[in-house]
Amino acid sequence: MKPFSRFTHNKFVSILLMAVSLAATATPPVTTALAARIDAHIGEPRFAAADWGIAVVSLDDGRTLYTHRADHLLQPASTAKLFTAALALSTLGPDYRMPTRLLAGGAIVNGRLDGPLILYGMGDPTLGTADTSADWADQLASQLAARGVRRIHGNVIADDSYFRGPLTGSGWEAGDLQSAFAAPASALSVNENSVRVTVTPAARAGQLADVTLDPADVGLQVENALLTIPARTPDDISLYRAPGATTLQAFGSVAMGASPRHYSLSLPDPAASAGAQLLQALRHRHIQVDGKLLVRHWPQGDGSLPADASVVAEVFSPPLGEILHRGLKRSQNLYLQNLLLAVGASPLADAPASSGFVSSEQRAIGALHRLLDKIGVPRSASVLVEGSGLARRDLATPNALVRLLVYLAAQPQAALLRESLPIAGVDGSLAWRMRGTAAQGNVHAKTGSMAYVQCLAGYVTSAGGERLAFAIMLNNYVPAPDAPRPSAEVDAIAVMLANLTSGG
């Protein structure tokens with residue numbers, strides 16, 4: 001098997017991309033047997049009302065092996081994360097680390113800070129996660145104590161205004177916003193901006209069930225009307241938090257003796273939660289705070305800081321490449337949206353001057369368009385409004401995804417990106433898919449799924465030893481109750497590619 005990282009020479013890359021472009025606009029030289037198999041599958045009567053879009057290209061010589069409606073715009077779901085990954089790698093680089101800082105808003109004299117202490121986030125989505133910086137607040141408090149600070153004669157300000165714009169991505173649906181997969185994208189994120197809710201029935205029927213939050217201090221109040229009902233009675237648990245609200249309504253019923261039920265919900269205000277954790281760490285380090293906790297969001301701060309503010313402590317995120325690895329494997333929306341916004345907030349992002357307001361998200365999308373122009377993806381082939389693929393306003397063609405994959409396979413970070421993708425039957429969002437087939441351990445691809453949408457885009461080496469980039473997109477599909485899972489329908493085509501011999 002040839003390594004994917006071989007494509008590093010700019011001249012060869014240009015030739016390969018040109019070959020892909022010509023192949024996409026001409027009548028594609030398909031492998032007849034492969035085409036017949038794919039056509040038979042997508043032509044099944046159960047797909048009569050659905051929309052398929054497929055493109056398969058050889059990374060070895062640029063040949064197009066198969067296309068079906070490859071220039072039609074479809075919803076990519078989380079395969080859109082590939083565009084964000086390409087932008088973040090090309091703009092910030094794989095080694096970039098996001099700082100989270102404590103800033104002194106005044107002079108420090110004899111162990112006393114006369115002024116506010118500002119907790120300033122710059123987009124680290126991993127802050128507070130167990131495998132990196134679970135003790136981030138204590139690290140900052142410890143650094144402050146090491147500078148001799150024993151008293152804050154002022155307020156503690158949790159500031160997430162580094163990202164200019166709302167906390168929700170453009171096009172995110174209101175019905176999703178209380179769920180952890182639509183957690184707000186904040187420059188000051190903590191614990192992946194989510195809270196674990198546990199519902200435990202009471203000892204007797206008629207009593208209120210127990211509703212607990214972990215972590216407990218997240219600025220969320222629970223109004224509990226959830227009753228315990230007799231054993232072996234069907235549960236009817238409802239949790240609801242209106243967009244922007246800080247009250248979680250728990251109502252319905254849970255059967256006595258039932259096992260605890262666990263739910264993961266989004267935080268209403270991640271910066272406030274981070275600030276509360278910092279206050280606790282300051283107390284633990286015996287640093288007195290005379291003021292109170294304040295939270296500063298855009299447009300209050302609009303990314304600006306006091307001119308005399310100085311850095312007195314800081315912690316750093318893992319390298320961007322590692323954040324990408326975690327985010328793509330798990331299809332973690334917060335990680336990729338924060339990376340998009342980090343690009344938009346960075347001075348490294350090439351952006352034309354503007355006299356009007358431009359959000360960090362809009363600035364990053366503009367930078368993405370310019371990157372795709374360089375790659376050769378027409379602007380009509382990708383309409384993206386945020387970085388995670390959660391928005392149904394995101395659109396892309398199969399050819400746009402494949403051309404992006406060809407480009408990524410030719411970059412110095414090709415191996416990093418490929419190994420960050422879920423591997424069929426091995427890990428991430430593909431851990432339980434395509435097991436026992438030629439695709440297992442072979443297909444490295446980004447998944448994408450939401451209601452009526454199932455997509456898969458990535459790389460596979462065929463049985464004949466040919467390296468392929470592919471995008472398989474299924475939209476507007478409502479399966480019958482007895483039909484295979486939509487993911488299995490898409491996987492079937494990836495397995496065909498893995499089984500492809502040189503003779504077709």
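## What buried means here

A residue counts as buried when its relative accessible area is under 20%. Strand 21 is mostly covered by that cut-off: nine of its nine residues are buried. The model behind these values is a predicted one.

## The sheet

Strand 21 belongs to an open sheet of five strands. The strand order is 2-1-22-21-20, and the pairing is antiparallel. Strands of a sheet pair through backbone hydrogen bonds, either parallel or antiparallel.

Which strands stand at the edges? They are strand 2 (64-68) and strand 20 (444-450). Each has a single partner strand, so one side of each is left without a neighbour in the sheet. From one strand to the next, the twist averages 5°.

## Strand 21 and its partners

Look first at the pairing with strand 22. Strand 21 covers residues 453-461, and strand 22 covers residues 467-475. How many bridges join these two strands? There are nine, in the antiparallel sense. Ala457 stands opposite Ala471 of strand 22. Gly458 faces Phe470, also in strand 22.

Now turn to strand 20. Strand 20 pairs with strand 21 over seven bridges, again in the antiparallel sense. Here Gly458 of strand 21 is the bridge partner of Ala445.

## Two hairpins

Strand 20 and strand 21 form a hairpin with two residues between them. Tyr452 sits in the turn and has a positive phi of about 70°.

Strand 21 and strand 22 form a hairpin too, with five residues between the strands. In this hairpin, Gly465 takes a positive phi near 90°.

## Helix 9 on the sheet

Helix 9 packs on the sheet. Which strands does helix 9 touch? The contacts are with strand 1 (51-58), strand 21 and strand 22. The direction of helix 9 makes about 150° with that of strand 22.

Is helix 9 mostly covered or mostly open? It is mostly covered: 12 of its 12 residues are buried. Among them are Pro398, Arg403, Tyr407 and Ala409.

The length of helix 9 can be checked too. Helix 9 has 12 residues, 398-409. The expected span is 1.5 Å times one less than the number of residues. Helix 9 should therefore span 16 Å. Its end C-alpha atoms are 16 Å apart, which agrees.

How values were computed. Residues are numbered from 1 along each chain as its sequence is written. This is a predicted model: local features need pLDDT of at least 70, side-chain atom pairs count only at pLDDT 80 or more; totals for chains, interfaces and linings use all residues. Side-chain values use heavy atoms; hydrogens and water are left out. Helices (H or I, at least four residues) and strands (E, at least two) are DSSP runs, numbered from the N terminus. Buried means under 20% relative accessible area, exposed over 50%, partly exposed in between (1.4 Å probe, protein chains only). Two strands pair if DSSP finds at least two bridges between them. Axes are lines fitted to C-alpha atoms, for helices over the stretch in contact, and angles run from 0 to 180 degrees between N-to-C directions. Contact means heavy atoms within 4.5 Å.
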